[in-house]
Amino acid sequence: MSEAAESEVQTLANPYSSVVLPELGEDRVPDVSVVIICYNDAEHLPSAVESVRIQTLENVEILICDDHSTDDTPAVAAALCAEDSRISYHRLEVNSGGCGGPRNRGIREARGRYLMFLDSDDQLERHACKNMMLAAERDGSELVTGLMQRRYLDGSGIREPWYGWLYTERRLLQSIADFPELIHDTTATNKLYRREFFDRTGLRFPEDMHYEDIAFSAKALCSARGISVIPEYIYFWNVYPSETRESITNQRDDEKNLRDRMFAIDIAQSEYEAVSDELREEMELKILKHHLRLYLNDIPKYDDERAAAIVHAVLPYVEKINLETVEKLNLGERALYAALFTGDIEAVKRCMLVGRHGSVGGEVVAAEGGAFWRPGPSGERPVGSPMAAALSDFSQTHYVEQAHTQISYAYVLTEVNVENDKLILRGIASDPLGKLKLPGSALRIGLRKFGEGTTFSDYVPLVAAGDQVTWSVELPLPRRNSLRERADREFYVDTRLAGGSTNSAPLRMAPSLEGELQAIVDRTLMGRMLRDRWSFQAGFRDMALLKVDISPWGDFVRRTAKGAVKYLPGRKWMAARLDDLRNPYSSLNRDTVYPLMRRFPIKDDLALFEANMGSSVFDNPRAVFEQLRRSNPEINAVWAVNGNPRLDAELGSAPRVQRGSLRYLWMLARAKYIVDNQSLPNYFVKRDEQRYLQTWHGIPYKKIGFDLVLTMSKQEQKRVSEAVAAWDGLVSPSDYFEEVFLPAFDYHGPLIRGGYPRNDVLLQLAERKRELRAKLDIGADRKVVLYAPTFRDGTRGKRDEELHFDIEKWDERFGDDVTLLIRSHYLNRFSIPERFKGRCIDVSDYGDVAELYAISDVLVTDYSSVMFDFALLGRPIVIFAPDYEEFTTQSRGAYFDLSANAPGAFTLTEDEMFNAVRAGLSADTASAELLDFRRKFCGEEDGRASERAVQFLLSGGNS
């Protein structure tokens, strides 16, 4: 959906749309005055003005308030005023040195009933004025605040909401005390103010200082009688590369910059303290999580004197924070602030270098009665004050129990060299629990280009260096094959312990490297022809990127080629077709290119595998894939994946193709054999010579297919029928599966009976329990419970869904001797509080779920098909269905009464579930309920389902 369309939807869905506005008139007072402030920004000013001119609320006044610019701003403003009578220009006689002066001039000159503020290098969303004013009119509030979007203009295309969690729903607050969290949004520009509010309070922006928004917003939020919070986008904050346009925030090297922010913080804190303790606590969190971090994050690039000056400036603010606030910090933040109390600048630099994005620097040590943090093996725990002791106390976090798989390591690139077409990368990694120093620990780095997979280095040993480790790897320089190719390459890191446990994270750039690296010659034929270079740059959240730097000669060649195209007949049509070709989901590829590819001969030695629409490389297709490679290595078996680098690591050296790419279309059109477990793209049309094996992804409990016909459109029913008609064979794991699945999809084709391919290795894996537990870094003395619920309708795509039971109560009952594995459905993700991660492991991204079954002593699920596979092991299953009545009456429905046919204890409350899990952990034999469940619903597995699937695929015979 386009941005304009999204905006229209926002307005149509607005509950304030019933408010009737007065008719426009020539003498009518403006509804909204938008004050646009500028200084030496003639380049961007027209864009900001235009975003106000096109507002759907037409009765607006536009005031350009110029802080005495020395560029062409006056001439540009004059031209804009001549185009639209709603625009006026106001120039300050002398430069005020900040945003406060021109904004206050705008407040004085404005005639509107409401005021908004806009910076000249940003824009308003098209419906901003209308949505804001309608909320104010409806609620009678003095202040309205809406959602802001940060737009990164560095070529990354990243757009993110600014404190989006504050704007998830519409709110009317009588005062800021009703929603203290709102103080985290300190900006003044995504807000609308009543004129009477300024007249009543006399409120104005501070002048002669930076960060006036912090102080002004605190006074405004504490003074407003009625605050409306709306979830619509209001303001687009353009974030320019620092080398192009350096913002005030990015000028932190200036000592006045730090003083101004501290002064603004003092003003804001005094305002909030005067209202309530809750506001004071929220402001303390804001100080620790944002204001001070901006300066602390820069410490690694400063000399010791400058770094010490920053530590000296911020320590008083940390010292006066209430101790209760410390408990709300994440562990990485606690380690950062604890480092300030060590008095060791080098230790502070090390912790800041690896802790910029939440990782824990230094070292966490288990001790009698708990655990504590220290800067490194040779350092002492900082306990010189109550705050230092509180920050370094990790006793209640279970942090030392964290598995290698879930630790948030920081992998930082510190040195780059080029030797013989090889990149030599060196760096450090945090090691808070000493796991990377264990014998056999190794690291590798992958260089990923979207659509072409990831190229990995060999694993190299890690070298201990105090509380950190160092590493050095070699990677081949990347290759380019296109004149237009300018895609970034992203770096990812995998570490592996001797037991097989792995951890993956992005590679980040050390601040000291920024601007220091020399461009690397692109030695490919294309690079030599164009004289282009590669350069390392820090991307979003400091992620290390390898970018193409276009040389002047290369730019000339490209511009010349582009200019020559202008003289070609039909150039616009050709350009549009090229754009379509670059978009694999375009109608050209779907309706023209793919059908054309289908005219080429079938490749008898090509097999295409796909699982969960490219989001997995496991399940039944993986078992068939492995069997095909063993029995028929002459066949080229290729996986279709969605570009996730984790899948590249799971596949190893196996060939892969980006799902939806032109190469994917080519293989989809020509592969002799196709194996899938869900559905291929809607445009797929099977050729007579192709063999398409459908393995499906589980025995169904919830109704599927045409059993949901009442909720399916005619078009959806037609697509399902066409998809099923393409299946040459279907893997059938059990009689029950055939009873419900075949009529649900109206399937009448061949069946491959005798179990699921993915279960062939299940019993073998059970014998490798200790080895597989080592992959997750779980101690042999701990019991393991796997919690694997399905997704609920309405939660599809939800990334932070709450667990369906109280994790704190679970930890009290089981935390000392049980590790909880949490596996969310691939369509969503659970949010696990950080303090429980030492005893809970999120295994949602773990590749082969069969390995999780093998190491688990008890399964807890609800309506997921995992119950049918796990039952084959004969281990206890607990059904936890707190929403069973709602699910069975209001959701899609089920094929049988789970409460009467459960494979074990059927529980509705968390206490019932906890008791059933405890009983299951002590059970020695399979229960009668489990045996009966297996007899009714599960198949007879003999370990040869993959062989039968491959035999059917190659021979075309029925099984």
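Mentor: Let's start with a definition: two strands pair if DSSP finds at least two bridges between them. Keep in mind that we're looking at a predicted model.

Trainee: Okay, so how many bridges join strand 30 and strand 31?

Mentor: Strand 30 (residues 729-732) pairs with strand 31 over three bridges, in the parallel sense. To see one spot in that pairing, find S732, which stands opposite R753 in strand 31.

Trainee: And what packs on the sheet there, touching strand 30 and strand 31?

Mentor: Helix 23, residues 735-745, does that, and its direction makes about 145 degrees with that of strand 30. Helix 33 (residues 945-955) packs on the sheet too, touching strand 28, strand 29, strand 30 and strand 31. The direction of helix 33 makes about 155 degrees with that of strand 29.

Trainee: In what order do the strands of that sheet come?

Mentor: Read across the sheet, not along the chain. You get 27-26-25-28-29-30-31, seven strands in an open sheet with parallel pairing. Strand 27 (656-658) and strand 31 (751-753) each have a single partner strand, so one side of each is left without a neighbour in the sheet. From one strand to the next, the twist averages 25 degrees.

Trainee: Which strands stand at the edges of the sheet that holds strand 34?

Mentor: Try the reading trick again. That open sheet has six strands in the order 34-33-32-35-36-37, with parallel pairing. Its edges are strand 34 (840-842) and strand 37 (905-907). Here the twist averages 20 degrees from one strand to the next. At one end, strand 36 (residues 877-880) and strand 37 share three bridges, and I879 stands opposite F906. Helix 26 (residues 807-814) lies across strand 32, strand 33 and strand 34.

Trainee: What does an antiparallel pair look like here?

Mentor: Look at strand 14 (residues 422-430) and strand 19 (residues 468-476), which run antiparallel and are joined by nine bridges. One bridge there links G427 with W471. Strand 19 also pairs antiparallel with strand 18 (residues 463-465), over three bridges. In that hairpin, two residues sit between the strands, and G466 takes a positive phi near 70 degrees.

Trainee: How do I find empty space inside?

Mentor: Rolling a probe the size of a water molecule over the atoms shows where empty space is left. In this model, the count comes to one cavity of 30 Å³ or more. The largest cavity holds about 40 Å³ of space. Its lining includes I699, P733, Y756 and F868.

Trainee: What classes of residue make up that lining?

Mentor: Six are nonpolar, two polar and two charged.

Terms used
Residues numbered from 1 in each chain as written. Predicted model: local features only at pLDDT ≥ 70, side-chain atom pairs only at ≥ 80, totals over all residues. Heavy atoms only, no water. Helix = DSSP H or I, 4+ residues; strand = E, 2+ residues; numbered from the N terminus. Axes fitted to C-alpha atoms, helices over the stretch in contact; angles between N-to-C directions. Contact = heavy atoms within 4.5 Å. 1 Å grid on protein atoms, 1.4 Å probe; cavity = no way out; pocket = protein on both sides within 12 Å on 5 of 7 lines; lining within 4 Å. Points joined across faces, edges and corners; volume = space filled by probe spheres on them. Nonpolar A, V, L, I, M, F, W, Y, C, P; charged D, E, K, R; others polar.
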